[in-house]
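Visitor: I would like to be walked through this protein chain, beginning with its strands and then turning to a pair of its helices. Could we take it one question at a time?

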Amino acid sequence: MRLNLPLLFAPVATTAFAPSCPKARPLASRRSTSLNNYSTVKWSPRGGGTAFSAPSSYSSADLDEVRAQLKSLMDNPSWDDGSLAPIFIRLAWHSSGTYDAATGTGGSNGAGKTHIVEAADPENAGLEVARSFLEPVKKMFPEISYSDLWILASYVGLEHTGGPVIDFTPGRVDHLDDSYWSEMSYGRLPAAEKYACPHLDDSNAAASLDAESGTVKGWEGLCTHVRNEVFYRMGFNDQEIVALLCGGHVYGRCHPNFSGYAGPWVEDMTKFSNEYATDMIEDDWTLVSNGDTWLDDMGAGELRPAPGKRQFVNKVPGRIDDEPNQMMLLSDMILAWDPNFRYHLEQYAADEEKLKHDFGVAFKKLTELGCGF
Ligand code: HEM
């Protein structure tokens, strides 16, 4: 399909953002609410919080057994679109995406989400499902640390679904208690609309669009959040950021009850491909919010986000099509709007093998940040 979004090619400032935006409040202020919510979740962190120590290495034979077990549970018709790979990949990403290069803190070493404080970061909503699916494997192989198991599960998931084959380096050791994360505030993981203002009129999402460019007003601030506050903080460059997003969001879907966003990014969300990149460039994308009931009439009601959220969908009001229901977050669309990101997006849209290679390299780097390997 054709792209009908006006695109920006002029260089844009990437430092401006709107601190008056509600999303710009320190995320730590949302902690007490989310901790209360967390108490309703049945998953019990580390069997009641018992401390344990994990060895720093395993034999390759041991790891092959763990790999085989993980592979056997990867296809699961009871969950979402029939695969656990997407939610394992997100668990590994969120486990790693807290890294801060300046202080050397955060990252996948430690498995902070086995403890309530990090697990209750609002951006981690839903990941208790992934941890629960992995708990039986942990019980079968108690000697592997949670932090290694989560990363290994994502590598097995990627390989099983046609993604890059990544060499696994073991050696992560779990934190024994909550003290490490209790000293940090939330906000290290990206938020899909941060600094993109004005905030929402649920009955009129289009009001937050810039008519001339077709972008969301304030997208430059969101771009600064994603690029500078999150990925540069970890030590990634623009090419790696685009590779990570193109490879990551080809998998799985958003869940209204987890993040408030709704639907998958691509048609085949359980296989690696460059479909996210091609569709972002080629499809027509419309900004919607919860009030966009016309989606229901088009059989695309699953793409209506929760109240207060905005997302793009591959539907146009009044236009009947047989396209599968797909969405993009505002934070995805910055890859098409920012000229430096777009350069790499176009490369990956044109070359799936290049994406697979570059994504594999960037994902290994991501999952080893702060591990000292
Ligand atoms: C700007 C950065 C990012 C933002 C704002 C973001 C945001 C989100 C959100 C809101 C969801 C939906 C969660 C849910 O409702 O279940 C999600 C899902 C997902 N994300 Fe990201 N993400 C980002 C980067 C990444 C990266 C770098 C990866 C991996 C390399 C990744 C992998 C995934 C996967 C696989 C899912 C689907 C999970 C499932 O199906 O359960 N994301 N992301």
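Guide: One cut-off is needed before we begin: a residue is buried if 20 or more other C-beta atoms lie within 10 Å of its own. Please also bear in mind that this is a predicted model.

Visitor: Are the faces of strand S4 covered or not, and which residues of S4 lie on each side?

Guide: Strand S4 spans residues 310–313, and its side chains can be taken one side at a time. On one side stand Arg 310 and Phe 312, both buried, and on the other stand Gln 311 and Val 313, also buried. Both faces of S4 are covered, by the evidence of Arg 310, Phe 312, Gln 311 and Val 313.

Visitor: In what order do the strands of the open sheet run, and which of them stand at the edges?

Guide: Strand S3, residues 286–289, pairs with S4 in the antiparallel sense over 4 bridges, while 2 bridges join S4 to strand S5, residues 327–328, again antiparallel. The 3 strands therefore form an open sheet in the order S3-S4-S5. Each edge strand has a single partner strand, so one side of each is left without a neighbour in the sheet, and these edge strands are S3 and S5.

Visitor: Which residue of S4 is the bridge partner of Thr 286?

Guide: The pairing of S3 with S4 is antiparallel, and it can be followed residue by residue: Ser 289 stands opposite Arg 310, and Val 288 stands opposite Gln 311. S3 itself has both faces covered, with Thr 286 and Val 288 buried on one side and Leu 287 and Ser 289 buried on the other. For Thr 286, the bridge partner in S4 is Val 313.

Visitor: How many C-beta neighbours does Met 327 have inside 10 Å?

Guide: Met 327 is found in strand S5, where it is the bridge partner of Val 313. Leaving aside residues up to four places away in sequence, Met 327 touches Gln 311, Phe 312 and Val 313, and its other contacts include Cys 254, Trp 265 and Leu 303. Met 327 counts as buried because the number of its C-beta neighbours inside 10 Å is 26.

Visitor: What separates the C-alpha atoms of Met 327 and Arg 253?

Guide: These two residues are 74 residues apart along the chain. In the protein chain, residues 24 or more positions apart account for 76% of the contacts with a separation of 6 or more. The C-alpha atoms of Met 327 and Arg 253 are separated by 8.9 Å.

Visitor: Turning to the helices, how are H3 and H7 oriented to each other?

Guide: Two packed helices are described by the angle between their axes and the distance between the axes. For helix H3 (residues 60–74) and helix H7 (residues 146–160), the axes come within 9 Å and cross at roughly 60°. H3 and H7 are therefore oblique to each other.

Visitor: How do the residues of the contact of H3 with H7 divide?

Guide: H3 passes H7 in a right-handed crossing, and the contact is made by Val 66, Arg 67, Leu 70, Lys 71 and Met 74 of H3 together with Leu 152, Ala 153, Val 156, Gly 157 and His 160 of H7. Sorted by character, these residues divide into 6 nonpolar, 2 polar and 2 charged.

Conventions
Residues numbered from 1 in each chain as written. Predicted model: local features only at pLDDT ≥ 70, side-chain atom pairs only at ≥ 80, totals over all residues. Buried ≥ 20, exposed ≤ 12 C-beta atoms within 10 Å, placed from the backbone. Pairing = 2+ DSSP bridges. Axes fitted to C-alpha atoms, helices over the stretch in contact; angles between N-to-C directions. Parallel < 35°, antiparallel > 145°, perpendicular 65-115°, else oblique. Left-handed = near helix turned anticlockwise from the far one by under 90°. Contact = placed C-beta atoms within 7 Å. Nonpolar A, V, L, I, M, F, W, Y, C, P; charged D, E, K, R; others polar.
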